[in-house]
Structure formats: C-alpha cells, structure tokens
Amino acid sequence: MASACLKESRPPVLDSTSEPPPLFDGTTRLYMTYMCPFAQRVWIARNLKGLQDKIKLVPIDLRNRPAWYREKVYPENKVPSLEHNNKVIGESLDLLKYLDENFEGPALLPNDPGKEQFAEELLSYSGKFNGIVFASFKGDPVKEVGSAFDYLENALHKYDDGPFFLGQFSLVDMAYAPFIERFQLVLQDVWKYDITAGRPKLASWIEEVNKIDAYKQTKYDPEELLKHIKSRYVGQQ
C-alpha cells in the first residue's frame, strides 16, 4: 500500500484556557492527543489516506481539558473523536473503519473475504493484547506477556505476500503499531525484555512498520513517551 503522506506541522495543543474551534462549520476535525495510542491509530489512517487537507487535527490536553470539548463536542470526554457531517463519533477501531468507508484514498483493508475475517479476529484480540501487557506492568512482564506476543508472531505467519498482518499494510497494523511502539520501549528499558527475541516475524514487522511515512509522522519522542508510561503505569518517575 503506497503511503500518501505530506509533511505537516503539528497544531498547538488546546487546554482549558483555549477557545473552541468554530464547531460544526463543515470542517472535518480529528480531536486527538499526540501521546495517546488510541488517537494515534486514527491519525495514521488519516495520513495514509492522504487526508491532511480534509481532516484537521485538533490536539487536546487531556490533563487540562477544555470544558467545551465535553459540553459541545464529545460528552464521553475522550480521544479520539471525529467531527464529520455535523456529528461526532468516537472509538478508535470504529473510526479506522469509518475513515476507510467514508473518505477517498488507499483502502485500509484488502478486498479479500479471508483477510477481512482474519482482520476482525485480530482487531477483536487487540483489546485483550493491550490489557495483558498493561496489567503485567504491575507484576512480572517477563513471565506474563510471552503468550500475547507469541499470538502476534503466529498471526504474522498466516500470509506470506508481505511483512504485515494481512500481508500488505492495513488498518490491523494501525491498530497494533502505537501500542507495540510503547510496549517495546518500556519492556526493554525496565525489564530488559526484548519482545522480538525468538520472534523473527515480529522483528521484521516492527522494522517494516517504521518505514511507513504515515506512521513515522505520528511517532512521539521516545524518551518522553517512556517517561510518561513509567510514571503512569509502572510507578516509576
């Protein structure tokens, strides 16, 4: 899948002192947070479909949220959410599919019933995968996360027409990449656990994902990311 990316500057973050954008004026907006992996999923999809001019990024400060975001935009008060056609929808996995179905640009899923079914299985597993790894940060990840990463390694063996979960880069990779980016950092730094050891397909997947411009443009400074995760989930400053 070709990447249709343009370099763009990141808009300033809006906090409780910020005025809202002109809501429901016909502009399509992706409300997000630069450090949030759920928002990053949709940001990658937007970039890959070449929608930088069609979908405006509106970064929100989750630690100091503007009141208008909950009151006027998205009552759930979470990110990501998408303002489009005078309505606002949320949930990152739903938004990946919504972008694919409602906007021009490269398809995010192959036109192959077998691969579509496998995509649903992998998307369904993503929540469990994230839950296992995040929970392990309070225990012993070296003993607890192996099965989760083995699941991904086995999944990457299913198709041999490319290095990604469905062979070619798809919304499944977008769903997993932001979390694997974070998990690899913290597991290596805190527990010296290499998620790619004995998992050559996963190692190749990470290498190839990092060549995708649509993803690279969404990556956060790894030192800042690591500091945030250790403080929030591991109890380390």
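For the pocket linings described here, Ala, Val, Leu, Ile, Met, Phe, Trp, Tyr, Cys and Pro count as nonpolar, Asp, Glu, Lys and Arg as charged, and the others, Gly among them, as polar. With that in hand, the lining of the largest pocket has 18 nonpolar, six polar and nine charged residues. Please keep in mind that this is a predicted model, with a mean pLDDT of 95 for the chain. Below is a short tour of the confidence, the sheet and its helices, some backbone details and the two pockets.

**Confidence**

- A pLDDT of 70 or more is reached by 96% of the residues in the chain.
- Residues 1-5 are a stretch to treat with care, as pLDDT stays under 50 there. The model has 21 contacts beyond four places in sequence for residues 1-5.
- Where pLDDT is low, the predicted coordinates should not be read in detail.

**The sheet**

- Four strands make up an open sheet with mixed pairing, in the order β2-β1-β3-β4. Its edge strands are β2 (55-59) and β4 (87-90), each of which pairs on one side only.
- On average, and with direction ignored, neighbouring strands of this sheet are turned by 20 degrees against each other.
- β3 (residues 81-84) pairs with β4 in the antiparallel sense, over four bridges. If you would like a register point to check by eye, S81 stands opposite G90 in β4.
- The connection from β3 to β4 is a hairpin with two residues between the strands. In this turn, N85 has a positive phi of about 55 degrees.

**Helices on the sheet**

- Helix α1 (residues 37-48) lies across β1 (28-32) and β2. The direction of α1 runs at about 145 degrees to β1.
- Helix α3 (residues 92-102) also packs on the sheet, where α3 touches β2, β3 and β4. The angle between the directions of α3 and β4 is about 125 degrees.

**The loop between α2 and β3**

- P80 is found in the loop between α2 (67-73) and β3, and the peptide bond from V79 to P80 is cis, with omega near 5 degrees.
- N77 lies in the loop between α2 and β3 too. Phi of N77 is near 60 degrees, a positive value in a residue other than glycine.

**The largest pocket**

- The volume of the largest pocket is about 940 Å³.
- Its lining is made by 33 residues, and those nearest the centre are T33, C36, L62, H228 and R232.
- Two or more lining residues come from each of α1, α7 (171-191) and α10 (222-234). Helix α10 gives the most to this lining, with eight residues.

**The second largest pocket**

- The second largest pocket has a volume of about 180 Å³.
- There are 13 residues in its lining, with E181, Q184, N210, Y215 and K219 nearest its centre.
- The elements giving two or more residues to this lining are α7 and α8 (200-209). The most comes from α7, with five residues.
- By class, the lining of the second largest pocket has nine nonpolar, two polar and two charged residues.

Definitions and conventions: Residues numbered from 1 in each chain as written. Predicted model: local features only at pLDDT ≥ 70, side-chain atom pairs only at ≥ 80, totals over all residues. Heavy atoms only, no water. Pairing = 2+ DSSP bridges. Axes fitted to C-alpha atoms, helices over the stretch in contact; angles between N-to-C directions. Contact = heavy atoms within 4.5 Å. 1 Å grid on protein atoms, 1.4 Å probe; cavity = no way out; pocket = protein on both sides within 12 Å on 5 of 7 lines; lining within 4 Å. Points joined across faces, edges and corners; volume = space filled by probe spheres on them. pLDDT = per-residue confidence, 0-100.
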